[in-house]
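Hi there,

Here is the structure I promised to pass on to you. Have a look at it first, and then read my notes below.

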2 protein chains.
Amino acid sequence: MTLDDRKLEVLRAIVEDYVSTHEPVGSRALAERHCLGVSPATIRNDMAVLEDDGYITQPHTSAGRIPTDKGYRLFVDRLSQVKPLSAPERRAIQTFLDGAVDLDDVVRRSVRLLAQLTRQVAVVQYPALSRSAVRHLELVHLSDSRLLLVLITDTGRVEQRVLQLPTALAEHQVAELRTAVNAGLTGRPMADAPAQVESLPDAVGMELRPVMLSLATVLLETMAERSEERVMLAGTANLTRSALDFPGTIHPVLEALEEQVVLLKLIGEIETPSTLRVRIGEENVVEGLRDTSVVSVGYGSGGQALAGLGVLGPTRMDYPGTMSAVRAVARYVGELLARQ
Amino acid sequence: MTLDDRKLEVLRAIVEDYVSTHEPVGSRALAERHCLGVSPATIRNDMAVLEDDGYITQPHTSAGRIPTDKGYRLFVDRLSQVKPLSAPERRAIQTFLDGAVDLDDVVRRSVRLLAQLTRQVAVVQYPALSRSAVRHLELVHLSDSRLLLVLITDTGRVEQRVLQLPTALAEHQVAELRTAVNAGLTGRPMADAPAQVESLPDAVGMELRPVMLSLATVLLETMAERSEERVMLAGTANLTRSALDFPGTIHPVLEALEEQVVLLKLIGEIETPSTLRVRIGEENVVEGLRDTSVVSVGYGSGGQALAGLGVLGPTRMDYPGTMSAVRAVARYVGELLARQ
DNA sequence: ATTAGCACTCGCTGTCGAAGAGTGCCAGGA
DNA sequence: TCCTGGCACTCTTCGACAGCGAGTGCTAAT
């Protein structure tokens, strides 16, 4: 049986009412608060069909209906138009983000802003190393046997690593290494780095080869290990605002949020910017997030996403509002990083 | 009226039982589970005195007693000896922390370890800029008009900041600036920096003076603004493990933890390492943390603390265990940073 | 196809009584 | 003087139960 327009309208009404009231919605309330032009009895018939098809369900016999994950899915896919942000909201985003002084600041500000706009948990991933380019490599001579390697990307990320030297080096030797690695890598996209690093040892004098080799190893390690790993979180307190949102406790949710790996999974795997992704309830593979929804999107300038950001909340969330906020913040962050 | 030894013993027994059972403890249970050598009736009399003096209280008439903040305070000050960690625990701390590759890693590992050991919320502050020394300053020429300033401290912190140049610079001019700032600041404690920065403009040629001035401004800003600001948090999920710990919800607690400023206040103001500080319940000035206790300590090598770390949990916490874990982790972190 | 009416289900709420835990106090004993 | 056993009292907790109200499903009429 296919759903006619009115049944879809009823589903939308149920989702909207349930999201705003947090209570199962009955046929009478629906007829009163929405201009559906039909009586409660008719709505009841439609509801029965919607329930048979698995879009809504009853917590218990004498209660109204609430949407199922499948119902929210249909709502998001076909029934909701993304509502544009108000002009003040747009201005607020812009002015708030424009004050950022460096990458850390950009990420921190975005994640807070997102948490505040959506009143949910926000996650922002740092620009992926793998999709950035090398802006500069610096070697700092800490002591005879230790060298600090600092890697700076064009998106403003700074990674550092201490390197134990096999032999003591003179200052001019450190300079030679510095020149060589910068000549080989500066300006190159990180993806090309492994190939470039291979040829580094050839660029320096014989006596520096062993050092350059261990330097190359550390470089590759740094780029590989940390390539995607950093995220920032904000708004966890929003989880507790309405305690009723989660059956049982929020413990599993908080636990899941502690795992960086999980967070990255939530946001990750994003190729093109501006394509919103919504994961609803059971669609989340992560144990413990089965009662939450995640709205995420890639950000970055041009056609390639640098990384992702998103929002996590109860399945009963304001999808249109959340989606537009997430999209707007991603757009501004992308612009901001391109300007750097 | 002064408390005799047995009353103190009764208080200790009440605290210990309440901490382990989470339930008000009555006179009979106390007589059975502790070898106090007196009858429940006697204990009841002692309890009445302890209650009059404000060390314990009754949730309601027909319930046992629970310690008050004042009771916990006495317990911590006079009745509890810090229990040493087990050998395996010590070894676990050491091996876990030894794997760290840089400062970020040290902080991340410590905070997780602390959260895991105490099963509470852990907070670790990054080494304060103001108490570190400058290890190196790097200037990276981003474009004609923009310069990236990277500040590296002897504790491994890296701070960066983009600087808009008043005029375009040639590469050799950037080098001159770099040499000058490093000559002036490298090796100096950050506390001396303001004075040193003053004299920087004199160290370069006339045409670089304006640039050096704005560089100096940014340097001072960076050191001042971010001097204490960074902390890392872990184990928030532990707050929800036993929901009964907090009257009402954990919302205010989570909200407080979102504020960096609050976290810094919790840990901050620590001068000497190894002096544990315990703040119990109402002793916390921060609104929303009135039902929690904070155990914090400074860490660092030598007589001066670099920064602080600590743990936050319900007032009903295992103080001896928490205190020893906090102290142990602080000690290892201090050693680790000294070795860097 | 829609609607009004009606019986039915079931969760929520408040009351009541019994049970249980713990106390405070008192009188007797070391 | 301090400790102890006993006892009456208070107060929460829990289960049972009835009444209420919300909401549904079904049926017959339009």
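Let's start with one of the DNA strands. Please keep in mind that this is a predicted model. Around DNA strand D there are 20 residues, and those that come nearest are A:Gly26, A:Ser62, B:Val38, B:Thr61 and B:Ser62. Two or more residues of this surface come from each of helix H2 (27-33) and H3 of chain A, and also from H3 of chain B. Which element gives the most to the surface near DNA strand D? That is H3(A), with four residues. Sorted by class, the surface near DNA strand D has seven nonpolar, ten polar and three charged residues.

Now turn to the other strand, DNA strand C. It is surrounded by 20 residues, and A:Thr42, A:Thr61, A:Ser62, B:Gly26 and B:Ser62 are the closest. At least two residues each are supplied here by helix H3 (40-52) of chain A and by helix H2 (27-33) and helix H3 (40-52) of chain B. For DNA strand C, the largest share of the surface comes from H3(B), which provides four residues. The classes near DNA strand C are seven nonpolar, ten polar and three charged.

The protein chains also touch each other. How many residues of chain B are in contact with chain A? There are 25, and they meet 25 residues of chain A. On the chain B side, strand S4 (134-143), strand S5 (146-153), strand S6 (158-164) and helix H10 (251-258) each give two or more residues. That side of chain B is made up of twelve nonpolar, six polar and seven charged residues.

Next, a sheet in chain A that is good for practice. Its three strands form an open sheet in the order S4-S5-S6, with antiparallel pairing. Strand S4 (134-143) and strand S6 (158-164) of chain A are at the edges and have a single partner strand each, so one side of each has no neighbour in the sheet. From one strand to the next, the twist averages 20 degrees. If you would like to trace a pairing yourself, try strand S5 (residues 146-153) of chain A with S6(A): they pair in the antiparallel sense over seven bridges. A:Arg146, for example, has A:Gln164 in S6(A) as its bridge partner.

Finally, a word on confidence. Chain A has a mean pLDDT of 88, with 96% of its residues at 70 or more. Within chain A, confidence is highest in strand S2 (residues 66-67), at 96, and lowest in helix H11 (residues 260-267), at a mean of 83.

Enjoy exploring!

Notes. Residues numbered from 1 in each chain as written. Chains lettered and ligands numbered in written order. Predicted model: local features only at pLDDT ≥ 70, side-chain atom pairs only at ≥ 80, totals over all residues. Near = placed C-beta within 6 Å. Nonpolar A, V, L, I, M, F, W, Y, C, P; charged D, E, K, R; others polar. Contact = placed C-beta atoms within 7 Å. pLDDT = per-residue confidence, 0-100. Pairing = 2+ DSSP bridges. Axes fitted to C-alpha atoms, helices over the stretch in contact; angles between N-to-C directions.
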